[in-house]
Amino acid sequence: MESLLLPVADEDGAPFWEYAARGELRVQACAAPACGALRFPPRPCCPHCQSFESEWRPMSGRGRIWSYVLPHPPLLPAYAAQAPYNAVVVELADAPHIRLVGNVVSGPEAPLNSVDPARLRIGAPVRAVFAPVSPELTVVRWLPAG
């Protein structure tokens, strides 16, 4: 069976995936003393002050569904086997301008179709969980929080 599509870590985003493997949700921040702006996706230069200094700040893992979609066929075989499933955009509670893409699931290792699509609502609270999807990669997924 064909596997799910997996993200590919680049040099700027590698720390995000390393923290996720440890069960931590962290976001890149500018380390310039007068700035400190959070940014996602990770990049080498701060878009606010153009500093190349950065650090990774822990987030609470809480957020709200900002948008979602329920994909319909035609789908890749690995996804068709799990339909209907959801793909969500989550706005982080700690940084509402930062949004992460993922899936709402009933547990860290639950299948993508483990939450009834009728339960999804824009603004619904969710919390991050971490799902190992290969020996080298752990992704962030979301649990309903309310």
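**Exercise 1. Find how β5 is joined to β6, then look at how the two strands pair.**

Start with the connection: a hairpin of 6 residues takes the chain from β5 to β6. Keep in mind that you're looking at a predicted model.

Next, check the pairing. Strand β5 covers residues 87-92, and its pairing with β6 is antiparallel, over 4 bridges. For a single spot to look at, take V90, which stands opposite L100 in β6.

Now turn to the two faces of β6. As a reminder, side chains in a regular strand alternate between the two faces of the sheet. In β6, L100 and G102 make up the covered face, while R99 and V101 make up the uncovered one.

**Exercise 2. Work out the strand order of the five-stranded sheet and name its edges.**

Walk across the sheet from one side: the order is β6-β5-β4-β7-β8, the pairing is antiparallel, and the sheet is open. Which strands are the edge strands? They're β6 and β8, since each of them pairs on one side only.

Then look at the twist. On average, neighbouring strands here are turned by 40° against each other, with direction ignored.

Finally, zoom in on one pairing inside the sheet. Strand β4 (residues 62-69) and strand β7 (residues 125-134) pair in the antiparallel sense, with 3 bridges. If you pick G63, its bridge partner in β7 is V126.

**Exercise 3. Classify two aromatic pairs and decide whether their residues are buried or exposed.**

You'll need two things here: a pair of aromatic rings is described by the distance of the centres and the angle of the planes. The structure has 4 aromatic pairs. One of them is F16 with W17, 4.9 Å centre to centre and with 90° between the planes. Planes over 60 degrees apart count as edge-to-face, so that's the label for F16 and W17. Both F16 and W17 are buried.

Now try Y19 and W56: their centres are 6.4 Å apart and their planes meet at 40°, which makes the pair tilted. This pair links distant parts of the chain, with Y19 in helix α1 (residues 14-21) and W56 in strand β3 (residues 54-58), 37 residues apart.

For burial, the cut-off is under 20% relative accessible area. Y19 has 17%, so Y19 is buried. W56 has 14%, so W56 is buried too.

One last step: F16 and W17 form one aromatic cluster together with F40.

**Exercise 4. Describe the largest pocket.**

Begin with its volume: the largest pocket holds about 500 Å³ of space. It's lined by 24 residues, and the closest to its centre are P7, V101, G102, N103 and V139. Which elements give two or more residues to the lining? Those are α1, β6 (99-102) and β8 (137-144). Sorted by class, the lining has 18 nonpolar, 4 polar and 2 charged residues.

**Exercise 5. Track down some unusual backbone spots.**

Here's the background: most residues other than glycine have a negative phi, and most peptide bonds are trans.

First, the peptide bonds. The one from P73 to P74 is cis, with omega near 10°, and P74 is found in the loop between β4 and α2 (77-80). The bond from A83 to P84 is also cis, with omega near -5°. You'll find P84 in the loop between α2 and β5.

Next, phi. Q50 isn't a glycine, yet its phi is positive, about 65°. Look for Q50 in the loop between β2 (38-39) and β3. Its relative accessibility is 47%, so Q50 counts as partly exposed.

How values were computed:
Residues numbered from 1 in each chain as written. Predicted model: local features only at pLDDT ≥ 70, side-chain atom pairs only at ≥ 80, totals over all residues. Heavy atoms only, no water. Phe/Tyr/Trp six-rings, centres within 6.5 Å; stacked < 30°, edge-to-face > 60°. Buried < 20%, exposed > 50% of the residue type's maximum accessible area, 1.4 Å probe, protein only. 1 Å grid on protein atoms, 1.4 Å probe; cavity = no way out; pocket = protein on both sides within 12 Å on 5 of 7 lines; lining within 4 Å. Points joined across faces, edges and corners; volume = space filled by probe spheres on them. Nonpolar A, V, L, I, M, F, W, Y, C, P; charged D, E, K, R; others polar. Pairing = 2+ DSSP bridges. Axes fitted to C-alpha atoms, helices over the stretch in contact; angles between N-to-C directions.
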